[in-house]
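Trainee: I would like to take a close look at one part of this model, beginning with the cysteines and going on to whatever else holds separate parts of the chain together. Please take your time over the answer and keep the reasoning explicit.

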Amino acid sequence: MNPRRDFLKGTAAAGGLMILNSRTAFSYQANSTLELGLIGCGSRGNWISDLFLEYAMVRFVALADAFDAPLEAASKKYKVDGKRLYRGIDGHKELSASKLDGVVIESPPYFHPEQAETAVNAGKHVYMAKPVATDVPGCKIVLAAGKKAEGKRSYLIDFQTRARPVFQEAARRIHDGEAGELGFGHVYYHAGSIAPHDPAGLSPEKATLLNWLHDRRLSGDIIVEQNIHVIDVANWYLNAHPLRAMGTASQRIRKVGDQSDNYQVTYWYPKDVRVDFSSVQFAKGYSDLCIRVYGSQGTMDSHYGGMVKMTGATQWDGAEKDPTFREGAVTNIKNWVESIRSGKYLNNAETAVESTLTAVLGRMSATRGRMLTWDEMMKTTDRFDGKTKG
């Protein structure tokens, strides 16, 4: 049984990236400058935009944000006309409707489904931060928008690990059977706390939006918003999504917002391959993101931003330290821009949605306190209410 058979069709097993050819590339010339809009002008938005400007021939011509201060700062930094600044939660609608080639979405995950759908409906290319959504209905919206974009626009979700050559080689070796029959996975994301922003002078709604990383509705909780990095690679290595999960979670040490600060989830994949996943977000003096799979012939031990190697019957020293975070994003940016110029459009909606749903499955199992199957999860219609006033 392969649970991806119905969920994923037409993607490449190694990286889950669909490449589609088009007869035209909207007449883009090899030396033309793409005009982009940025949704979300906070720290992540600025970081990714700087990489776009450094490594691709683009220009930001429109900006959208719910807060005036980062919007004005980004306007000065990127020399965007004041008439192309779109304010408030719904500002993305005017941005996508305006004259530009593509939309870069770096907002809180809760808003990704509507923003991606709006951009696709407006005929724009989409580059979006992970995760794609915070719940099952949101994931389905992102998947539908990705289907609509196929063959017409590039639609890329920024998973850095899959863009790195050493991780691609690791996945190839696993899929080619060098580790033998896979029997168990050890996956974890152990990191320190993230400090909240000072909400002084803001309404309760604005304060929550400013500190969205600490709000379960807006972020999806740590397992969805951050831990998805390692969960995505587990799916990639095992070439499947889990059939069921049983988890626990709590807010034990970090008393900020309503997010959990630790998770422990057992995922059951096809052929009874079990993955032990854990997460901590209050660690002091320790940080590591690990994806390790054990097989009958060997062990693939890989770390986001760190060492990647295989031991056992086949020895392979992949990398002592891989610059996954930055260089993965740079590769995705280059590939996305090049795909628009060439008309060979990229689309990884299905694997991005699958990995997001895998994280959602773990969260839902933990918060419900019981075993939850993938099929049960997919039938849920509950949506987070992330609406804010003002």
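Trainee: How many disulfides does the structure hold?

Mentor: The structure, which is a predicted model, holds zero disulfides. A disulfide is a covalent bond between the sulfur atoms of two cysteines, and no such link is found here. Two of the cysteines can still be placed by their surroundings: C41 has a relative accessible area of 2% and is therefore buried, the limit being under 20%, and C139 is buried as well, at 1% relative accessibility.

With disulfides absent, the next contacts to examine are the salt bridges, of which a search of the whole structure finds 26. One of them joins the side chains of D158 and R44, with 2.9 Å from N to O. Because D158 belongs to strand β7 (residues 155–158) and R44 to helix α2, this contact ties together parts that lie 114 residues apart in sequence. The two partners can be set side by side: D158 is buried, with a relative accessible area of 0%, while R44 is partly exposed at 25%, a value that falls between the 20% and 50% limits.

A second salt bridge brings together the side chains of D135 and R383, at 3.6 Å from N to O. This pair, too, links distant parts of the chain, since D135 sits in the loop between β6 (125–129) and α6 (136–149), and R383 in the segment after α14 (374–378), 248 residues away. Here the acid is buried, D135 having 3% relative accessibility, whereas R383 is partly exposed, with a relative accessible area of 39%.

A third case is local. The side chains of E169 and R172 meet in a salt bridge of 2.7 Å, N to O, and both residues belong to helix α7 (residues 165–175), where they are three residues apart, about one turn of the helix. E169 is partly exposed at 23% relative accessibility, and R172 is likewise partly exposed, at 34%. Through salt bridges that share partners, E169, R172, R173, D176 and E178 are joined into one network.

R44 deserves a second look, for it also appears in the description of the largest pocket, which holds about 1,200 Å³ of space. This pocket is lined by 40 residues, and the ones closest to its centre are S43, R44, E106, W212 and L213. At least two lining residues come from each of α2 (43–55), β3 (58–65), α3 (68–78), α5 (112–121) and α8 (204–210), with α2 giving the most, namely three residues. By residue class, the lining is made up of 21 nonpolar, 14 polar and five charged residues.

Strand β6, at one end of the loop that carries D135, contains M128, which is buried at 0% relative accessibility. M128 and I105 are 23 residues apart in sequence, yet their C-alpha atoms are 4.7 Å apart in space.

Strand pairing offers another way in which parts of the chain are brought side by side. Nine strands make up an open sheet with mixed pairing, in the order β15-β14-β13-β12-β8-β11-β10-β9-β17. Its edge strands are β15 (316–319) and β17 (372–373), each of which pairs on one side only. At the β15 edge, strand β14 (residues 308–312) and β15 are paired in the antiparallel sense over three bridges, and K309 has D317 in β15 as its bridge partner.

Further into the order, strand β8 (residues 182–191) and strand β11 (residues 273–281) run parallel and share eight bridges, with F184 standing opposite R274 in β11. On the β10 side, strand β10 (residues 262–269) pairs with β11 in the antiparallel sense, again over eight bridges, and T266 stands opposite D276 in β11. β10 and β11 form a hairpin with three residues between them, and K271 in that turn has a positive phi of about 65°.

To return to your question, then, the count of disulfides is zero, and the same search for contacts between side chains leads instead to 26 salt bridges, among them the D158 and R44 pair and the D135 and R383 pair.

Notes
Residues are numbered from 1 along each chain as its sequence is written. This is a predicted model: local features need pLDDT of at least 70, side-chain atom pairs count only at pLDDT 80 or more; totals for chains, interfaces and linings use all residues. Side-chain values use heavy atoms; hydrogens and water are left out. A disulfide is a pair of cysteine sulfur atoms within 2.5 Å. Buried means under 20% relative accessible area, exposed over 50%, partly exposed in between (1.4 Å probe, protein chains only). On a 1 Å grid over the protein atoms alone, a cavity is a set of points where a 1.4 Å probe fits but cannot get out, and a pocket is an open set with protein on both sides within 12 Å along at least five of seven lines; lining residues have an atom within 4 Å of a point. Grid points are joined across faces, edges and corners, and a volume is the space filled by probe spheres set on the points. Helices (H or I, at least four residues) and strands (E, at least two) are DSSP runs, numbered from the N terminus. Ala, Val, Leu, Ile, Met, Phe, Trp, Tyr, Cys and Pro count as nonpolar, Asp, Glu, Lys and Arg as charged, and the others, Gly among them, as polar. Two strands pair if DSSP finds at least two bridges between them. A salt bridge is a side-chain nitrogen of Lys or Arg within 4 Å of a carboxyl oxygen of Asp or Glu.
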